[in-house]
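My notebook is open and I'm new to this one. I'll jot down what I look up as I go.

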Amino acid sequence: MPYSPTIWLRDGAEMPQIGMGTWKHYGETASDAVYAGLKAGYRLVDGACDYGNEKECGEGLRRAIVHDVVAREDVWVISKLWNTFHRKEHVKEAVMRSLRDWGVSYFDLYYVHFPISLAYVSPDERYPPGWFVDGESEVKHDPVPLRETWEALEELVDLKIIKRLGVSNMCSALLMDLLSYARVKPAVLQIEIHPYNVQARAVQFARLQGLEVTAYSSFGPLGFRELNMPKSLHAQPLFAHPMINSIADAHGATPAQVVLRWATQRGLAVIPKSNTEQQMRENLESVRFKLTEEEMSAIAGLDIGLRFNDPADDFAGCHIFS
């Protein structure tokens with residue numbers, strides 16, 4: 001059975017370099033995918049409140065534990081704080097809800113999903129809350145300082161219901177500010193990285209500050225094409241790119257494996273979503289070959305700074321990358 005290599009974090013923990021993404025897995029499919037992924041050898045499952053599937057993912061984890069596929073302590077279970085829970089009085093509420101849905105007593109890593117604070121929506125009214133305060137079209141901002149949110153999360157680290165904190169979709173300037181006051185330093189930065197959006201400077205800065213980096217949306221436009229997002233529909237699919245295919249042929253690999261290997265050879269962690277058990281195995285096996293320096297450079301040469309996940313494209317006033 002293939003297993004992921006690991007990356008050392010600032011606290012000495014070894015985080016699996018290849019994890020399992022759960023965005024856009026829904027219902028029974030989410031439960032089955034998590035169970036199959038753990039059977040295939042994955043030991044990190046990346047989730048979030050906003051994905052709307054944590055209860056189902058937790059069922060897949062529970063099934064794997066009951067069937068002796070894994071023990072809880074073998075698996076990195078990850079979640080993220082949604083934008084509507086940034087006020088200190090709502091942070092613990094959000095974390096505890098996610099813990100209950102997953103059926104676990106602690107998170108191995110917990111991210112701030114976006115550095116965006118939106119008006120609180122009670123879980124009794126709607127869960128997950130989404131971007132719109134009315135559930136339809138109104139984006140209502142709530143100016144909560146990131147420091148307030150972070151200090152509330154640090155208290156949950158003290159209570160041992162979160163082992164490590166991370167940040168997602170955060171630019172280097174905001175990360176620099178966070179590091180100036182954080183008592184519990186973030187361990188991981190999770191950002192959109194793929195050959196069309198290499199983000200070399202962001203990776204370099206994070207590492208200089210002691211953070212490791214997880215790349216999401218490693219396959220570029222693929223996951224966003226399912227949502228008919230215009231940017232993704234106008235971008236050439238990476239798996240159809242002649243250069244990616246040529247490199248794949250040279251190594252007897254799939255285009256997906258080439259794109260993942262390009263990331264892991266950069267020292268990045270990846271969290272690809274897989275729809276089949278074969279894809280799950282292929283993703284884990286992507287570390288079985290090594291790209292040449294010329295191939296690494298050629299893939300990086302596709303960079304055009306194309307970001308598919310930019311909230312400002314769809315949600316008024318959410319200018320975190322502008």
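I began with helix α1, residues 27-40. I counted 14 residues, and from the first C-alpha to the last the helix reaches 20 Å, close to the 20 Å expected at 1.5 Å a residue. I'm working from a predicted model here, not an experiment.

Next I asked which residues of α1 are buried. My list reads A30, S31, A33, V34, Y35, A36, G37, L38 and A40. What do they pack against? I found two strands, β3 (20-21) and β4 (44-46), along with two helices, α2 (54-66) and α11 (277-284). Just past the end of α1, I noted G41 with a positive phi of about 125°.

Then I moved on to strand β6, residues 109-112. I saw L109 and Y111 pointing one way, with Y110 and V112 pointing the other. Are these residues buried or exposed? All of them are buried.

I looked for the strands that pair with β6. On one hand there is β5 (residues 76-81), parallel to β6 and joined to it over four bridges. I picked out one bridge here, in which L81 partners V112. There is also β7 (residues 165-168), again parallel to β6, with three bridges between them. V112 turns up in this pairing too, opposite V167 of β7.

I traced how the chain gets between these strands. From β5 the unit takes in helix α3 (residues 88-102) and then β6, and this β-α-β unit is right-handed. β6, helix α4 (residues 146-158) and β7 make another β-α-β unit, and I logged that as right-handed as well.

Now for the nonpolar cores. The largest holds 93 residues, and the members touching the most others are V95, W150, L153, L178 and V258. Where does the largest share of this core come from? It comes from α1, my starting point, which gives seven residues. I also wrote down a second, separate core of 14 residues, with M15, L44, A187 and A269 among them.

I took a look at L178 by itself. Setting aside neighbours within four places in sequence, I found L178 in contact with L146, W150, V167, M170 and P186.

My last stop was L208, which sits in helix α6 (residues 200-208). Why do I call L208 exposed? Because its relative accessible area is 65%, and the cut-off for exposed is over 50%. I also checked L208 against H241: they are 33 residues apart along the chain, and their C-alpha atoms are separated by 33 Å.

Notes
Residues are numbered from 1 along each chain as its sequence is written. This is a predicted model: local features need pLDDT of at least 70, side-chain atom pairs count only at pLDDT 80 or more; totals for chains, interfaces and linings use all residues. Side-chain values use heavy atoms; hydrogens and water are left out. The expected span of a helix is 1.5 Å times one less than its number of residues. Buried means under 20% relative accessible area, exposed over 50%, partly exposed in between (1.4 Å probe, protein chains only). Contact means heavy atoms within 4.5 Å. Two strands pair if DSSP finds at least two bridges between them. A crossover is right-handed if, with the strands pointing away from the viewer, the path from the first strand over the helix to the second runs clockwise. A nonpolar core is a set of buried Ala, Val, Leu, Ile, Met, Phe, Trp, Tyr and Cys residues joined through side-chain atoms within 4.5 Å.
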